[in-house]
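Below is a short note on the charged pairs and one helix of this structure. The points are meant to be read with the coordinates open.

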Amino acid sequence: MMVLDPFYPIFDSARWLERLVPLGIKLVQLRIKDNSEAELRTEIRAARDLCAAHDCQLIVNDYWKLALEEGCDFIHLGQEDLDDADLDAIRAGGLKLGVSSHDEAELDRALALRPDYIALGPIYPTILKKMKWEQQGLPRLGEWKAQMGNIPLVGIGGMSVERASGVFEAGADIVSVVTDITLNTDPEARVREWIKITRPHAHYSHTA
């Protein structure tokens with residue numbers, strides 16, 4: 001099982017990555033919705049090249065075919081995405097896989113895939129999108145981690161710098177964040193705060 005950085009921001013454009021990855025982000029997801037294939041390919045290429053230049057692990061949300069074609073090595077799939085994905089092709093292409101899960105049935109499905117991480121959420125209420133699941137709460141993190149063994153557990157949903165320590169203490173290996181950065185009046189300063197508070201939870205050190 002690969003080692004992943006404990007700070008895992010998600011952005012909806014390569015422009016966000018260009019702005020913030022150079023600050024020291026080492027794990028990032030590009031999650032774009034409703035763009036044309038040409039636009040998606042351009043965004044993925046830009047994100048791929050930027051992350052390669054900054055020793056940052058890029059995870060592409062959903063678009064596994066484009067990720068393969070563009071030489072990316074890690075994708076994230078939600079439960080609905082799994083319904084349509086060719087998992088044999090994904091594995092044959094050497095793509096690492098992260099999976100979203102929200103309840104026990106989805107956890108069982110995810111575990112059967114032997115993914116490289118499993119995300120549980122929303123831990124707290126989130127404004128990002130309407131979800132049919134209630135907030136999971138911190139105790140669920142510990143319950144799931146006990147079932148997952150050495151598979152990294154990502155806590156997501158309503159995350160903030162102030163909540164991060166409690167999420168790690170509850171059992172998460174990684175904290176994923178979106179709006180706490182993108183809606184902040186100073187995203188750069190907020191990223192630096194995130195790096196400072198999460199880096200002690202890393203299983204390896206970064207050189208300056």
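1. Helix H2 covers residues 37–53, and its length is as expected: at 1.5 Å a residue, its 17 residues should span 24 Å, and the end C-alpha atoms are 24 Å apart, which agrees. This is a predicted model, and the comments below should be read as comments on that model.

2. The buried residues of H2 are Leu-40, Arg-41, Ile-44, Ala-47, Leu-50 and Cys-51. The elements that cover these buried residues include two helices, H1 (14–20) and H3 (64–69), and two strands, S2 (27–30) and S3 (57–61). Just after H2, Asp-55 has a positive phi of about 55°.

3. Searching the whole structure gives 14 salt bridges. Three of the pairs are taken up one by one in the points that follow, and a network after them.

4. Asp-5 and Arg-199 form a salt bridge, with 3.5 Å between the closest N and O atoms. The two residues are 194 apart and belong to distant parts of the chain: Asp-5 is in the segment before strand S1 (7–11), while Arg-199 is in the segment after helix H10 (187–198). Asp-5 counts as buried because its relative accessibility is 1%, which is under the 20% cut-off. Arg-199, with a relative accessible area of 22%, is partly exposed.

5. Lys-145 and Asp-173 meet through their side chains in a salt bridge, N to O 2.7 Å. Lys-145 belongs to helix H7 (residues 138–148) and Asp-173 to the loop between helix H8 (161–170) and strand S8 (174–177), so this pair ties together parts 28 residues apart in sequence. Asp-173 has 22% relative accessibility and therefore counts as partly exposed.

6. Arg-190 and Glu-162 are also joined by a side-chain salt bridge, at 2.9 Å from N to O. Arg-190 lies in helix H10 and Glu-162 in helix H8, so the pair ties together parts that are 28 residues apart in sequence. Which of the two partners is buried, Arg-190 or Glu-162? Arg-190 is the buried one, at 8% relative accessibility, whereas Glu-162 is exposed, with a relative accessible area of 58%.

7. Through shared partners, salt bridges join Glu-37, Arg-41, Arg-45, Arg-48, Asp-49, Glu-69 and Glu-70 into one network. Arg-41, a member of this network, is also listed among the buried residues of H2.

Notes:
Residues numbered from 1 in each chain as written. Predicted model: local features only at pLDDT ≥ 70, side-chain atom pairs only at ≥ 80, totals over all residues. Heavy atoms only, no water. Salt bridge = Lys/Arg side-chain N within 4 Å of Asp/Glu carboxyl O. Helix = DSSP H or I, 4+ residues; strand = E, 2+ residues; numbered from the N terminus. Buried < 20%, exposed > 50% of the residue type's maximum accessible area, 1.4 Å probe, protein only. Expected span 1.5 Å × (residues − 1). Contact = heavy atoms within 4.5 Å.
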